[in-house]
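Biologist: Could you take me through one part of this model in detail, namely its pocket, and then say how charged side chains pair elsewhere in the chain?

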Amino acid sequence: MAISLAALLGVGSLKLSKAGLAETTWHQDINWVAVTELEDPQRFLNGGELVLTTGLRLRSAPDQRRFVRQVQRAGAVGIGFGVGLSHESVPPALLAEANRWGLPVVEVPYETPFIAIGKLVADAQSADHYAKLERLIAGHQVLARALLTGGGLGELLKQLGSMLRTGIALTQFTAELYNSTGETPSTGTWSSYPVPTGRRDACTLWVRQPFEDTGIIGYAQNLISVELNNMVQQRQAQRALCGQVLDDVINGALETSEAQRRLAGVGINSTRKNVVLLAVSAAHHKALASTSVPRDLGEAVAAVVNKDLVLVINDDGGSAPSLARRLSDHLAEAGIHATIGIGGAYTKPNGLRWSYYEARDAASHGLPVNEPERLSLTSLLLASEDVPLADMARESLTPLRNFDATHGSELMATLESYLNNNGSVAAVAEELTLHRNTVRYRLAQITELTGYDPSVTADRVQLWLALAVARLASRPGNSAATAPTRGHIPLNKRP
């Protein structure tokens with residue numbers, strides 16, 4: 001171990017003795033031994049040295065006092081003065097100045113070579129280095145074992161905190177992956193260490209001050225990086241598996257009992273109320289498959305369905321909006337621009353389907369976070385495999401689309417504006433910059449082509465529902481547009 005002045009005087013073979021009164025750095029470790037006969041050795045010292053001299057050039061009292069001040073300013077732990085060569089004893093002026101500045105002085109007898117002191121300090125430094133290296137290697141083994149024997153990231157960070165005797169936290173964007181203290185890390189009282197993973201995931205290891213790092217933090221950073229990359233692969237695989245189950249449930253491909261069994265297999269208890277949070281991002285859908293989620297959503301079942309991230313949370317609906325906002329903020333921090341839709345809270349597999357389609361309908365509103373309507377008729381019908389909604393929408397709207405394509409008209413735009421403005425011809429005329437008679441003429445054309453009169457409530461509902469379904473089904477991969485149907489609802493279309 002490193003040796004101090006006090007310990008050095010305890011080595012009998014050196015025959016050293018204390019010459020002054022100062023003990024300020026008496027028990028401080030000696031970093032190195034510097035032998036000098038310069039009058040001003042300050043520029044050659046780095047601090048922590050024991051300065052050995054025979055005072056060959058320190059003939060006058062002013063020179064001796066100046067020498068002490070230069071050594072003290074350099075941060076040396078003390079002066080070892082060799083007697084019997086140029087001075088028979090330590091000069092009084094040197095001792096007085098050393099006492100004034102609190103710098104210890106030891107007397108080195110003539111028969112003790114300076115090299116013996118240097119060798120002893122060097123051996124102590126070497127022993128200390130090897131001891132630290134052994135502790136570091138042992139620490140590496142402890143951390144690796146914690147990670148590889150099933151403890152995972154949590155056990156690794158727990159062991160790291162134990163070694164450093166302080167608090168540890170790990171954050172990724174807005175998510176807190178681990179925290180041993182419950183205190184929010186801040187740059188004032190915590191030291192931060194970036195963890196590279198090859199992705200833009202802003203992962204940071206936080207260590208609560210004070211602590212002493214012997215090199216173990218750098219090794220921990222590498223292990224954490226490896227484990228985070230493994231977790232990304234695991235998330236992708238798990239979400240793909242859950243996505244297959246949810247896709248079958250959403251499409252109504254399973255009987256109720258089988259759906260319940262398969263949902264339970266991926267961690268969803270369909271006998272309790274569940275809420276679907278849907279994250280949609282056309283530009284960053286690949287990143288959604290592997291991105292982390294806020295810690296508050298750590299218990300949610302995550303899946304990828306039609307390139308969207310689906311989170312199923314056990315909730316009565318009360319906390320869903322706040323969780324959706326946390327998810328939106330987290331994804332935005334990760335550089336993923338997504339629209340979040342919130343479904344309702346329902347029990348049973350069919351209820352999960354309702355919640356999913358409500359979340360889809362809500363996400364189509366385009367806000368960062370979109371809450372569900374009271375009970376979306378569109379979502380409810382989309383969740384039923386017995387309703388051929390895609391066929392109904394296609395049958396109702398295809399004549400209008402074909403007419404627009406052939407004649408360059410805007411019947412579809414007129415219909416959508418009419419329904420959005422609650423049947424107000426004046427509002428449609430103002431919105432589309434048309435004469436009111438032109439709007440009325442177009443509505444008559446819509447009635448003639450589709451068989452539905454937008455001014456009649458029942459027909460208006462049919463047309464509104466067709467537009468809503470067409471809007472949802474227009475996204476690539478939407479199962480509502482292609483799902484097989486097992487029954488038929490009469491459309492009551494007039495001849």
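**The largest pocket and the salt bridges**

Modeller: In this predicted model, the largest pocket holds about 470 Å³ of space. Its lining is made up of 23 residues, and those nearest the centre are Met231, Arg235, Val293, Leu297 and Gly298. Four elements, α4 (114-164), β7 (175-179), α5 (216-250) and β11 (301-305), each contribute at least two residues to this lining, with α5 giving the largest share, 5 residues. By character, the lining of the largest pocket divides into 15 nonpolar, 4 polar and 4 charged residues.

Turning to charged pairs, the structure contains 12 salt bridges. One of them joins Glu183 to Arg208, with the closest N and O atoms 3.1 Å apart; because Glu183 sits in the loop between β7 and β8 (190-194) and Arg208 in strand β9 (residues 203-208), the pair ties together parts that are 25 residues apart in sequence. Both ends count as partly exposed, Glu183 with a relative accessible area of 29% and Arg208 at 24% relative accessibility.

Helix α5, already met in the pocket lining, also takes part in a salt bridge, in which Arg262 pairs with Asp248 and the closest N and O atoms are 3.0 Å apart. This pair links distant parts of the chain, since Arg262 belongs to helix α6 (residues 256-265) and Asp248 to helix α5, 14 residues apart. Arg262 is partly exposed at 23% relative accessibility, and Asp248 is partly exposed with a relative accessible area of 24%. Elsewhere, Arg69, Glu97 and Arg100 are joined into one network by salt bridges that share partners.

Definitions and conventions. Residues are numbered from 1 along each chain as its sequence is written. This is a predicted model: local features need pLDDT of at least 70, side-chain atom pairs count only at pLDDT 80 or more; totals for chains, interfaces and linings use all residues. Side-chain values use heavy atoms; hydrogens and water are left out. On a 1 Å grid over the protein atoms alone, a cavity is a set of points where a 1.4 Å probe fits but cannot get out, and a pocket is an open set with protein on both sides within 12 Å along at least five of seven lines; lining residues have an atom within 4 Å of a point. Grid points are joined across faces, edges and corners, and a volume is the space filled by probe spheres set on the points. Ala, Val, Leu, Ile, Met, Phe, Trp, Tyr, Cys and Pro count as nonpolar, Asp, Glu, Lys and Arg as charged, and the others, Gly among them, as polar. A salt bridge is a side-chain nitrogen of Lys or Arg within 4 Å of a carboxyl oxygen of Asp or Glu. Buried means under 20% relative accessible area, exposed over 50%, partly exposed in between (1.4 Å probe, protein chains only).
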